[in-house]
Amino acid sequence: MGAIAAATVAILLVAAPASLAATPSPTPSPSNQQFQNNISGFLRDDARAPIQGVKITAKNGDFTGTATSSANGAWNIGVPSQGTYEVQLDESTLPQGIKLAAGQANPRSITFSQTSNVSVIFAFGKGIVVQQQDFGQNLLNRLVAGVSFGLLLALASVGLSLIFGTTGLTNFAHGEMVTLGAVLVFVFNAMNLPFWLAILLALLGGGLFGYAQDAGLWRPLRRRGTGLVPMMIVSIGLALAIRYVIQFYFGGATQQLPFAQSAEIQIGPVSISPNNLWSLVISAIVIGLIGIVLLKTRLGKATRAVADNPALAAASGIDVDSVIRLVWIVGGVLASLGGILWAYYRPGVTFDMGSQILLLIFAGVTLGGLGTVFGALIGSVIVGIFVELTTVFGLAADLKYVGALFIMIVVLLFRPQGILGRRERVG
Amino acid sequence: MDFGFILASAAGELFSPTTAAYALAALGLAVHFGYSGLLNFGQAGFMAVGAYGFAISTLSFGAPFFVGLLIAVICSVLFALVLGIPTLRLRADYLAIVTIAAAEIIRYVVTTNQLTSVTGSANGLAAFEGGFYSMNPFPEGDYLGMNNRDFFIRVIGWGLAVICCVIIWLLMRSPWGRVLKGIREDENAVRSLGKNVYAYKMQALVIGGVLGALAGMVFTLPRGAVQPANYGTELTFFLWTCLLLGGMATVLGPVIGAMIFWVVLSLTQGILYGLIESGAVTWLTTVQAGQLRYILVGVALMLLMIFRPQGVFGNKKELAFA
């Protein structure tokens, strides 16, 4: 018996090196032949006219990538990994009469991480001086950007929180619902549908996906009496599956939605990009509507009742299942909307954009109090502002999510029920 | 399609060092979740702490191998304490969220450009394995078709896995292990017997975390490099899949689970690539075939959890949730 076992082991070990030589052991993150990271920008002269045919190179160690600006001035260099690159604009390829503006470093060193896309701005002409913002100005700008980011997080958080409140499920697949919204807009837009229709269809798709998830998976599981922890693990499996299904069809590259590039505009003391402003206004209106529905309508009352105590709600004649179904649909639509706005905020659409902010959504929800809708709103806005403001106070840009996650852990230490959560035993 | 080669590759995964690392880390999860009911979604963080603790102490401070090993283990103990103090009194889902957040914090911190001189940021660290391979007792030559380095790392990786399995097996049949299982079944009942539930949970968290750190080292040594991208949340989820495949409240379950996981991944890769190369499948690219395998992992995780939560070897009565 021992001899047979030893022989089997020997055979298996013999087989090992051959495999190692031929197929590299698969690593957790699937490799992609296209580069997933991009350094890009637009070249425009001081009259805002695009500059074509300018050569730009990016260098990091052995890697060198080149790009030539296209007819609309856009250039894009795919790079293998995030890190520090030396980006140089070949000034001899500039058209006659156009020069880099004074004080524009060339070559310059560009550092990025945790975003797959970094844009580099080369300013041209005499009149342009790169503005040095003072601290107060910067603080105000980041604050507004933070509110905008926080509100888009809140869109996703409110859905997650409603779902948690009514079903008790901590849904790790919520990030993929966020991704889906942005990806659908990209797909419908690529099919040459009008922009408004693409957005409408994407929101519809998000709602449908929420409904399908509940009808196809979660309701049957609830019927079986599956516990909350197994359901949480099922949601992780679902998240993995959906994430890679999206990558399967969408690919690993970063794509842009229409109108993603926009110059900042000045409103009073604040400079903000029109996209961020739109995002802020849209999410504020939608969240306001959700609040009114929850507080003022019978449906909202029923939802809050189910969130509070499903058994009691059922006993008082509320159709708990239909409330939960509705919560999933609304959660799906809100997550889609959050995803679309997130695609403009970053900017860019990738297959893992939702899972990137999943933990920030969780942070917002836990900060506000698990299961409380208005808590999720407040928590998310705090997280959004915190993420943006930490960069003003000297935290490196690639660490800005750390601050928010850290705050969540600290809050759990002192007030585990969150800001608006009721004091109850949570352990 | 060369089935002999595909089967040989899959069989090679059975005893690859990566499989040993997954087995160790999943064993740590078994201690956390299977035996104690702690939802740790940050095992990748523990692995990163082990790998970076070892690599940084070797590269930055020139520590010899065993000092580096000790530092890695101490770091993981500290990480477990820091995680456990705020969360072990809370409900299970809080621990889940905090551990996954803490693992991501670790990954962000080792990725940041601010610390490039220490952590190597996104490119990671390399060339720290010299001390390990200098201890290789096997002279150069052919060992079952491997060179002495590959053979050495397999012997150490699997030796460590076997030792850890024995230790965990002994621990779990000791009175200490019985209390732990009692906590999993009914925390309040154990508390009413006068046991300090919090301390027991903390000890379990630390032991599982140390296993994670050791796994992190076994994972990085054969690669000769440690890179933050390898320690994302996906790694944790793959480890959970291994754990659930094998059976969560068993000692051998995580090991067998890790073997099944890698053999199936290797088989599907071999077969899919073979079909694509032979032209039988034209609707897939090789990149998509890679993604298809991870879709299967996700679906497998869901199906396992729904239809056979006790895994291949587990006992349905020993589930951390009823």
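Two residues are taken to be in contact if their C-beta atoms, placed from the backbone, lie within 7 Å. This criterion underlies the helix contacts described below for chain B of the structure, which is a predicted model.

In chain B, helix H4 (residues 65-87) packs against helix H11 (residues 197-220), their axes lying 8 Å apart and meeting at an angle of about 140 degrees. Because angles from 65 to 115 degrees count as roughly perpendicular and those over 145 as roughly antiparallel, H4(B) is classed as oblique to H11(B). The two helices, H4(B) and H11(B), cross in a right-handed sense. On the side of H4(B), the contact is made by B:Ala72, B:Val73, B:Ser76, B:Val77, B:Phe79, B:Ala80, B:Leu83 and B:Gly84, which meet B:Met202, B:Leu205, B:Val206, B:Gly209, B:Val210, B:Gly212, B:Ala213 and B:Met217 of H11(B). Of the residues in this contact between H4(B) and H11(B), 12 are nonpolar and 4 are polar, while no charged residue takes part.

A second helix pair of chain B is formed by helix H2 (residues 17-35) and helix H13 (residues 252-277), whose axes come within 8 Å and cross at roughly 140 degrees. That angle makes H2(B) oblique to H13(B), and the crossing of H2(B) with H13(B) is right-handed. The residues contributed by H2(B) include B:Thr18, B:Thr19, B:Tyr22 and B:Ala23, and those contributed by H13(B) include B:Pro254, B:Met259, B:Phe261 and B:Trp262. The contact of H2(B) with H13(B) comprises 12 nonpolar and 4 polar residues, with no charged ones.

Chain A, in turn, is divided into domain 1 (37-119) and domain 2 (135-253 + 268-414). The centres of domain 1 and domain 2 of chain A, taken over C-alpha atoms, are separated by 35 Å.

In one open sheet of chain A, 4 strands follow the order S3-S2-S5-S6 with antiparallel pairing. The edges of this sheet are occupied by strand S3 (63-68) and strand S6 (108-112) of chain A, each of which pairs on one side only. On average, and with direction ignored, neighbouring strands of the sheet are turned by 25 degrees against each other. Within the sheet, strand S2 (residues 55-60) of chain A pairs with S3(A) in the antiparallel sense over 6 bridges. Among the residues joined in this way, A:Ile56 has A:Ala67 in S3(A) as its bridge partner, and A:Thr57 has A:Thr66 in S3(A). The hairpin of S2(A) and S3(A) has 2 residues between the strands, and A:Gly61 takes a positive phi near 60 degrees in that hairpin. S2(A) also pairs with strand S5 (residues 83-89) of chain A, again in the antiparallel sense, over 4 bridges, and here A:Lys59 stands opposite A:Glu86 in S5(A).

An open sheet of 3 strands in chain A has the order S4-S1-S7 and mixed pairing. Strand S4 (74-79) and strand S7 (117-119) of chain A stand at its edges with a single partner strand each, so that one side of each is left without a neighbour in the sheet. Neighbouring strands of this sheet are turned by 20 degrees against each other on average, direction ignored. Strand S1 (residues 37-42) of chain A runs antiparallel to S4(A) and is joined to S4(A) by 6 bridges, with A:Gly41 standing opposite A:Trp75 in S4(A).

Notes: Residues are numbered from 1 along each chain as its sequence is written. Chains are lettered from A and ligands numbered from 1 in the order in which they are written. This is a predicted model: local features need pLDDT of at least 70, side-chain atom pairs count only at pLDDT 80 or more; totals for chains, interfaces and linings use all residues. Domain bounds come from an automatic or database domain assignment. Two strands pair if DSSP finds at least two bridges between them. Axes are lines fitted to C-alpha atoms, for helices over the stretch in contact, and angles run from 0 to 180 degrees between N-to-C directions. Angles under 35 degrees count as roughly parallel, over 145 as roughly antiparallel, 65 to 115 as roughly perpendicular and the rest as oblique. A crossing is left-handed if the near helix is turned anticlockwise from the far one by less than a right angle, and right-handed if clockwise. Ala, Val, Leu, Ile, Met, Phe, Trp, Tyr, Cys and Pro count as nonpolar, Asp, Glu, Lys and Arg as charged, and the others, Gly among them, as polar.
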